[in-house]
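Please open the model in a viewer and keep the sequence at hand. The tour proceeds by selection, and each stop states what is to be found there.

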Amino acid sequence: MAQARSLFIVCVLAGFFCAGIFVSAFGAGPKGTTYQFTVPKQGSMTANPTYYCWLPESVATLRCIIVHQHGCTREGDASQMMGDLQWLTFAKKWHAAFIAPSLTTGSDCNNWDQINNGSGNTYLAALDTLAKRSGHTEIATIPWALWGHSGGSMWSTAMLGKYPERIAVVIAQACGIDISNIPAALKVPVLHHNGRKDMCYNDSYFGNGRAKGALWAHAINPHPLWVNGSCAPPNKLCWDTTVYGHAPWDLRMIAIPWMDIALTARLPDQAGSATLKDMDTSNAWLGDTATRAIASAATFTGNKLKACWFPNQSFAKLWAEYMANGTIKDSTPLAPEPYNLSATYGNKQLTLKWNADADIEMGIKTFMIYRNGTLLQTMQWPNAPATLFTTAKGFQRWEDGDQPDPSTAPAMTYTDNNLSDTGTYTYEISTVNWADMPGPKSVPIALKKGQVTEVATFQNKVADLKQSTMHFCSLASRKLRLHSGVVDIYDIRGRVLKTVSLTQSGSFNVKTLLGTSTSEEMIMIRNRTF
C-alpha cells in the first residue's frame, strides 16, 4: 500500500487543538484528505473529543456531511472509519464530508451521549474547525446525514430532535430517545434498528412516531449475537443474555441504501445549499414488523400507523429480506471498474498497482486479475482476519460495530512472475463484491517486449472521429448545445451509456438526456452527423 503522506502541525488556534492533516486516505481507494483534530470539551463532558474527517478529492463544493457516531465500547477508536473504503466511496458519491467523532474514553458514555452535556456543541465547533482547515466554508451550513450506534444512536436522535431542519436522514442503531413530540422530526426519514433481544429495543420510540405519521421504519436483526473477545468467529459464537443482538451485524446493507434514497430525495440541487427538500411520499410502501408483509401504502391492509414506512417498493423488498435473513443478496449495480492501473517491469516480473472504489452496498471482497483476456488470479489475502460474519479471506469487510476489518485496507497490487522479455501481455482487473459478483474490467495495460504501454483507449482516439462533434462535460453541467441527429453518450473510459436520437437542435440538460443514474462525474457526448 502506498503510504499516505502526512503533514503534522503542532498548534493551538482559537482554543482548538490541531493534531494533523493526512493527504490521501488510507489504502488505494477513493482519494481524499483526512483531518484529525481535538476540540475543547464543553459542559459536563469528561474528555476533549477528537474528530476524524475525510473530504473527497477534487470536489469544489460539498453537498452534505455524513456522520458515523460510535457507541460506548464496540467500535474502539473512531479513526478506523477513515480506512473504511465502502463508507468513503459512499461519501465520494455524494460529495460529502465523512466524519467519525471520538467522544468516549470508555467510562463516560452516560455523559457524552446526552447532547445537552456538551457533545452537541462540540460537534458544531468541529464543523467550524473543519470548514476553516479545509477551506470549505459551506461545511458550517450544509445538511447532515447521521448514523449512530447505542450511545451514538441516542446522540443522533437527540440531534434530530434539536436540529430537524438540518438533518436529511438518520440511522438509529440500538437505543435512541423519544422525539415523537417534535413535528419537524417526523418528516425526517429514520431507520430504527435493533437486535431481537437488545437491551435498547427501541420499537416503542418508533411506534410513538409512526402513530403520528412519522416517515420511519424499524428493522430487526434476527441473529441473537454479541461476540466477546474470547469467542472466535464464526463457529464459537456466544452472547450475553442481557445485551445480545446489540451489535449492528450487517446493518450497513440496508442502512446505506436507506441513506442513499433519502439523500437523493432531500438534498438541494445546488451544492452548498442548506435548504432540504421534503421527502416524496407518493411512492411509499408499508411493512408489518410481525409478519414481514409489505404492500404499497394505498393497498396495505394492516394498521398503517403501526407499520413501517418505506420510501418505495425497492427498499420495502430489501427490508423484508433483511428481516428474514439478517442480510441481503445484492442485486444493485456492480462495483465500478478499477482505475489508475499502472505497472512496472523488471527481472521477468510485472507489478500492477491500481485504485478502486468499493461497491457501495457490498464493499470489496477481492479482485480478479486477467491476462490476455483469461482469468489469471483471484486475489487472496492469507493474513486477512476472518471477521465476525465469515471465514472468507477478503480485502475488507466490517466487524460487529460496523468498523472496517482490516482497518487499513490491503495493498491494491499484484505481481506476475516468470514472464518473457519478448512476449506480449495485456492485463485487466475487476472488483468482486461480497456477493461474489465481479464488476466491469478496468482499462487494460500491456507489456510488450519488456516495455509497459497503455492500451489505446477511446479517449486517445477522439481526434480520429470523423464528421462528429465531441463534448467532454461534467454531469453538473446544466445545458449542452447539440445538433439534431444521433447522439452517443459515453463514460470517460469510452463505454457507451446510451444512444438517443434528437429530432431538433437545441440546448439539452445532460442529466435529462442521459435519463439514468450513474456514478460518473464526467461523460463524453458524440453528436453524429447524418
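Helices, as the term is used on this tour, are DSSP runs of H or I with at least four residues, numbered from the N terminus. The model is a predicted one.

**Stop 1: Asn-110**

Select Asn-110, which belongs to helix H2, residues 109-112. Is Asn-110 buried or exposed? Its relative accessible area is 70%, so Asn-110 is exposed. Now add Gly-151 to the selection: 41 residues separate Asn-110 and Gly-151 in sequence, while their C-alpha atoms are 7.7 Å apart in space.

**Stop 2: the whole chain**

Zoom out and colour by secondary structure. The chain comprises nine helices and 30 strands. It has 530 residues, of which 54% count as buried. Of the contacts that join residues at least 6 apart in sequence, 66% are between residues at least 24 apart.

**Stop 3: helix H4 and its partner in H3**

Gly-151, selected a moment ago, is among the buried residues of H4. Show the whole of H4, which has twelve residues and spans 17 Å from its first C-alpha to its last, close to the 16 Å expected at 1.5 Å a residue. Eleven of those twelve residues are buried, so H4 is largely enclosed by the rest of the structure. The buried set includes Met-154, Trp-155, Met-159 and Leu-160.

Next, display the side chains of Trp-155 and Tyr-123. What links Trp-155 of helix H4 (residues 151-162) to Tyr-123 of helix H3 (residues 119-134)? The two form an aromatic pair, edge-to-face, with 5.4 Å between the centres and 85° between the planes. Because Tyr-123 lies in H3 and Trp-155 in H4, the pair ties together parts that are 32 residues apart in sequence. Both Tyr-123 and Trp-155 are buried.

**Stop 4: the aromatic pair in helix H1**

The structure holds 14 aromatic pairs. Another of them is found by selecting Trp-87 and Phe-90, whose rings meet edge-to-face at 6.0 Å centre to centre, with the planes at 80°. Both residues belong to helix H1 (residues 85-93), where their spacing of three residues puts them about one helical turn apart. In general, residues three or four places apart point the same way because an α-helix has 3.6 residues a turn. Trp-87 is buried, its relative accessible area being 0%; for Phe-90 the value is likewise 0%, and this residue too is buried.

**Stop 5: H1 against H7**

Keep H1 on display and add helix H7, residues 252-266. How are H1 and H7 oriented relative to each other? Their axes are 12 Å apart and the packing angle is about 10°. Angles under 35 degrees count as roughly parallel, so H1 is roughly parallel to H7. To view the contact, select Gln-86, Trp-87, Phe-90 and Lys-93 on the H1 side, together with Arg-252, Ile-256, Met-259, Asp-260 and Leu-263 on the H7 side.

Along its own length, H7 has 15 residues and reaches 20 Å between its first and last C-alpha, close to the 21 Å expected at 1.5 Å a residue. Twelve of the 15 are buried, so H7 is largely enclosed by the rest of the structure. Among the buried residues are Ile-254, Pro-257, Trp-258 and Ala-262.

Trp-258 opens the way to a further group: with Trp-309, Phe-310, Phe-315 and Trp-319, it forms one aromatic cluster.

**Stop 6: Pro-56 in strand E5**

Select Pro-56, located in strand E5 (residues 50-56). Pro-56 has a relative accessible area of 8% and is therefore buried. Apart from its neighbours within four places in sequence, which residues does Pro-56 contact? They are Lys-31, Gly-32, Leu-62, Lys-92, His-95 and Ala-96. Measure also to Ala-91: this residue is 35 places from Pro-56 along the chain, and the C-alpha atoms are separated by 7.4 Å.

**Stop 7: charges over rings, and Ser-442**

Select Arg-397 and Trp-398: Arg-397 lies over the face of Trp-398, 4.2 Å from the ring centre. A comparable view is offered by Lys-441, which lies over the face of Tyr-370 at 4.1 Å from the ring centre.

Finish at Ser-442, in the loop between strand E22 (424-432) and strand E23 (445-448). Ser-442 is buried, with a relative accessible area of 5%. Residues up to four places away in sequence left aside, Ser-442 touches Glu-337, Pro-338, Leu-341, Glu-428 and Ile-429.

How values were computed: Residues numbered from 1 in each chain as written. Heavy atoms only, no water. Phe/Tyr/Trp six-rings, centres within 6.5 Å; stacked < 30°, edge-to-face > 60°. Helix = DSSP H or I, 4+ residues; strand = E, 2+ residues; numbered from the N terminus. Buried < 20%, exposed > 50% of the residue type's maximum accessible area, 1.4 Å probe, protein only. Lys NZ or Arg CZ within 6 Å of the ring centre and 35° of its normal. Contact = heavy atoms within 4.5 Å. Expected span 1.5 Å × (residues − 1). Axes fitted to C-alpha atoms, helices over the stretch in contact; angles between N-to-C directions. Parallel < 35°, antiparallel > 145°, perpendicular 65-115°, else oblique.
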